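Please look at the sequence and the model shown below, and keep both in view while you read. The paragraphs that follow go from one helix to the cysteines and then to the ligand.

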Amino acid sequence: MISYSEFCDNCARVEERVRKAAESCGRNPETVKILPVTKNHPLDAAGFAFRRGFKSVGENRVQEASEKIAAADFRLDWELIGHLQSNKAKHAVANFSRIQSVDTQKLLKILDSAAAAAGKVQRILLQVNAGNDPAKFGADISDAPELLGFALKCPHISVEGLMTIAPLDSDLDVASECFANLRNLRDILQKDFSHPLPELSMGMTGDLERAVAEGATMVRIGTALFGERVYA
Ligand SMILES: *Cc1c(COP(=O)(O)O)cnc(C)c1O
């Protein structure tokens with residue numbers, strides 16, 4: 001695990017990357033949030049993020065995150081960015097401020113009842129497989145309207161936007177196309193459903209510039225902030 005001062009240096013580098021990417025396409029850098037991804041790193045990684053002033057961190061497994069949340073002596077919003085199995089939905093509602101990986105009606109139904117039972121409104125993003133990658137979770141673009149329509153009828157669910165993960169490909173144009181697909185889908189859904197979908201969570205360490213260029217409002221960054229992941 002890196003030191004806090006190394007983490008701060010890494011933050012400055014990532015913030016600079018975001019700033020340059022935003023400015024080169026005429027966007028205000030402040031419209032792009034950085035979500036530090038602390039998965040596979042010890043609790044200290046989240047502690048560093050807290051100390052540096054971040055308000056939220058991303059985790060991809062319910063079990064790993066719950067253990068950290070229970071042990072943390074600081075307050076952060078924890079966001080789930082990894083695939084969620086329906087048998088863990090209740091646990092996810094109890095632990096996460098926002099769930100970015102909602103991709104089926106079945107999961108929405110279970111999250112809605114778990115949120116009702118917990119007396120909360122669960123904030124979510126809908127995960128879309130905007131790069132048509134057979135290896136990725138996420139709803140197909142063509143199924144997204146029906147999924148959003150269903151989500152908007154769930155009284156204990158609040159849909160704040162869309163999330164995608166670009167296909168793993170050395171050609172960054174593949175990522176750009178995926179991100180553009182997500183933004184276009186968002187624009188269409190927003191209009192057709194008259195429901196604001198302000199958050200576009202897209203871009204990671206390797207492709208954040210492409211994501212910012214296509215309209216990302218949140219980039220999820222692990223490696224560039226914390227180094228290679230410590231445990232599997
Ligand atoms: C791990 C992960 C990230 C961060 O990836 P890096 O390449 O390490 O920045 C972002 N999003 C999701 C969904 C992840 O699982």
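At the start of H7, which backbone nitrogen does a side-chain oxygen of Asp-171 reach? The partner is the backbone nitrogen of Asp-173, to within 2.9 Å, and such a polar contact is a pair of N or O atoms within 3.5 Å, where within protein one must be able to donate a hydrogen and the other to accept it, and residues adjacent in sequence count only if both atoms are side-chain atoms. This is a predicted model, in which local features need pLDDT of at least 70 and side-chain atom pairs count only at pLDDT 80 or more, while totals for chains, interfaces and linings use all residues. Residues are numbered from 1 along each chain as its sequence is written, and side-chain values use heavy atoms, with hydrogens and water left out.

Helices (H or I, at least four residues) and strands (E, at least two) are DSSP runs, numbered from the N terminus. Helix H7 takes in residues 172–193, and because its 22 residues at 1.5 Å a residue should span 32 Å, the 32 Å between its end C-alpha atoms agrees; the expected span is 1.5 Å times one less than the number of residues. After H7 comes Ser-194, which has a positive phi, near 45 degrees.

Among the buried residues of H7 are Ala-175, Cys-178, Phe-179, Leu-182, Leu-185, Arg-186 and Leu-189, where buried means under 20% relative accessible area, exposed over 50% and partly exposed in between (1.4 Å probe, protein chains only). An α-helix has 3.6 residues a turn, so residues three or four places apart point the same way. The cover over the buried residues of H7 includes helix H6, strand E6, strand E7 and helix H8.

Cys-178 counts as buried because its relative accessibility is 1%, and its sulfur is too far for a bond from the closest cysteine sulfur, that of Cys-25, 17 Å away. The structure holds zero disulfides, a disulfide being a pair of cysteine sulfur atoms within 2.5 Å. Another cysteine, Cys-154, sits in the loop between H6 and E6, and at 8% relative accessibility Cys-154 also counts as buried. Leaving aside residues up to four places away in sequence, Cys-154 touches Leu-108 and Asp-112, with contact meaning heavy atoms within 4.5 Å.

Finally, consider the ligand. Its oxygen atoms include one that is 2.6 Å from an N or O atom in the side chain of Thr-205, and an oxygen atom of the ligand is 2.5 Å from an N or O atom in the side chain of Thr-223. Of the 390 Å² of accessible area that the ligand has on its own, the protein covers 90%, by the Shrake-Rupley method with a 1.4 Å probe.
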